[in-house]
Amino acid sequence: MTKYGYVSGWLKDNISKQDDFEHQAKILLNMGIPYDHCFADVFRNKNKERYQLFKFLTKVAKEGDILIVPSLTCLYSNIRELCCLMYIVEDTGIIIQSSDMDLSDDSDSSNWILASQLAHLDYLHYLRQKHASKAVKKTKYETILNVGGRHKRVITPIYRQAYSYLQTHTYHETQKKFHLSKSTLYRRL
């Protein structure tokens, strides 16, 4: 029963401007894991593959070994990866420990943990879909607007009445009857 450690993340997070990877590595080394037993994957650009994790799981890990991670979420980024990870944990018989909780093929709470992690991923997927939906609605709304950035002018019933009245009367008479300025009549009609 050997203890190993694993961390993954971005060197510089674009959103929080913090070095998440370095923070996780410090946590892992403070847990007493020897440096040569640590595995790490650094994400670059759009590549979020976990090469070192799968190297550990397929070549190094033996039944009963313990993999310590700062957080379970550093082991996966989508549902497919989480499900693959669970099959590998079941096949190899390793135990995954984190500050979140303990995950192994024989722990009573592993089904609950898996369900909570799946719910977390499903909620993130829901938030992404909601964001995409808002972006589509915003784009659709912006196409309705004039190029100049102002709303298209709406012809209200008062302006329609003023226009039909203007067909048979002068601007001055229309202005007095509908209490509209001459410039508004020129602009709207």
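**Exercise 1. The surroundings of Asp65**

Leaving aside neighbours within four places in sequence, Asp65 is in contact with Met1, Thr2, Tyr4, Val60, Ile94 and Ile95. Working with this predicted model, place Asp65 in the chain and determine which side chain of opposite charge is nearest to Asp65 and how far away it is.

*Solution.* The first step is to locate the residue: Asp65 belongs to the loop that lies between helix 2 (51-60) and strand 3. The second step is to examine its charge partners, and here the nearest side chain of opposite charge is that of Lys62, at 5.5 Å. Since a salt bridge requires a side-chain nitrogen of Lys or Arg within 4 Å of a carboxyl oxygen of Asp or Glu, this separation does not qualify, and Asp65 is buried without a salt bridge. The third step turns to the backbone, where the nitrogen of Thr2 is found 3.1 Å from a polar atom of the Asp65 side chain; Thr2 is also among the residues in contact with Asp65.

**Exercise 2. Strand 3 and its partners**

Describe which way the side chains of strand 3 point, and establish how many bridges join strand 3 to strand 4.

*Solution.* Begin with the side chains of strand 3 (residues 66-69): Ile66 and Ile68 point one way, Leu67 and Val69 point the other way, and all are buried. This agrees with a general rule, namely that in a regular strand the side chains alternate between the two faces of the sheet.

Next, consider the pairing with strand 1 (residues 3-10), which is parallel and extends over three bridges. Within this pairing, Lys3 has Ile66 as its bridge partner, while the bridge partner of Tyr4 is Leu67.

Then take strand 4 (residues 95-98), which runs parallel to strand 3 and is joined to strand 3 by four bridges; one pair of bridge partners consists of Val69 and, in strand 4, Ser98. To follow the connection, trace the chain from strand 3 through helix 3 (residues 79-92) to strand 4, a β-α-β crossover that is right-handed.

**Exercise 3. Strand 1 and Val7**

Determine how many of the residues of strand 1 are buried, and then list what Val7 is in contact with beyond its neighbours within four places in sequence.

*Solution.* Counting along strand 1, six of the eight residues are buried, so the strand is largely enclosed by the rest of the structure. Besides its pairing with strand 3 over three bridges, strand 1 pairs in the parallel sense with strand 2 (residues 38-43) over six bridges, and in this second pairing Ser8 stands opposite Asp41.

Val7 is a residue of strand 1, and its relative accessible area of 3% makes it buried, because the limit for that class is under 20%. Once neighbours within four places in sequence are set aside, the contacts of Val7 are Phe21, Gln24, Ala25, Leu28, Phe39, Ala40, Asp41, Pro70 and Cys74. A separate C-alpha to C-alpha distance places Val7 and Cys38 8.0 Å apart in space, although 31 residues separate them in sequence.

**Exercise 4. Arg50 in its loop**

Decide whether Arg50 is buried or exposed, and identify which backbone oxygen lies 3.5 Å from a polar atom of its side chain.

*Solution.* Arg50 sits in the loop between strand 2 and helix 2, and with a relative accessible area of 4% Arg50 is buried. The backbone oxygen in question is that of Leu75, 3.5 Å from a polar atom of the Arg50 side chain. Residues up to four places away in sequence not being counted, Arg50 touches Tyr6, Ser8, Asp41, Phe43, Thr73, Cys74, Leu75, Tyr76, Ser77 and Glu81. This set includes both Ser8 and Asp41, the residues that stand opposite each other in the pairing of strand 1 with strand 2.

**Exercise 5. Two residues outside the strands**

Classify Glu22 and His179 by relative accessibility, and state what marks the phi angle of His179.

*Solution.* Glu22 is part of helix 1 (residues 20-30) and counts as partly exposed, because its relative accessibility is 38%. Glu22 and Trp10, 12 residues apart in sequence, have a C-alpha to C-alpha distance of 8.9 Å.

His179 lies in the loop between helix 6 (171-178) and helix 7 (182-188) and is exposed, with a relative accessible area of 72%. Its phi is near 55°, a positive value in a residue other than glycine.

Definitions and conventions: Residues numbered from 1 in each chain as written. Predicted model: local features only at pLDDT ≥ 70, side-chain atom pairs only at ≥ 80, totals over all residues. Heavy atoms only, no water. Buried < 20%, exposed > 50% of the residue type's maximum accessible area, 1.4 Å probe, protein only. Helix = DSSP H or I, 4+ residues; strand = E, 2+ residues; numbered from the N terminus. Pairing = 2+ DSSP bridges. Right-handed = clockwise from strand over helix to strand, strands pointing away. Lys, Arg positive; Asp, Glu negative; His and termini not counted. Polar contact = N/O pair within 3.5 Å; in protein donor to acceptor, adjacent residues only side chain to side chain. Contact = heavy atoms within 4.5 Å.
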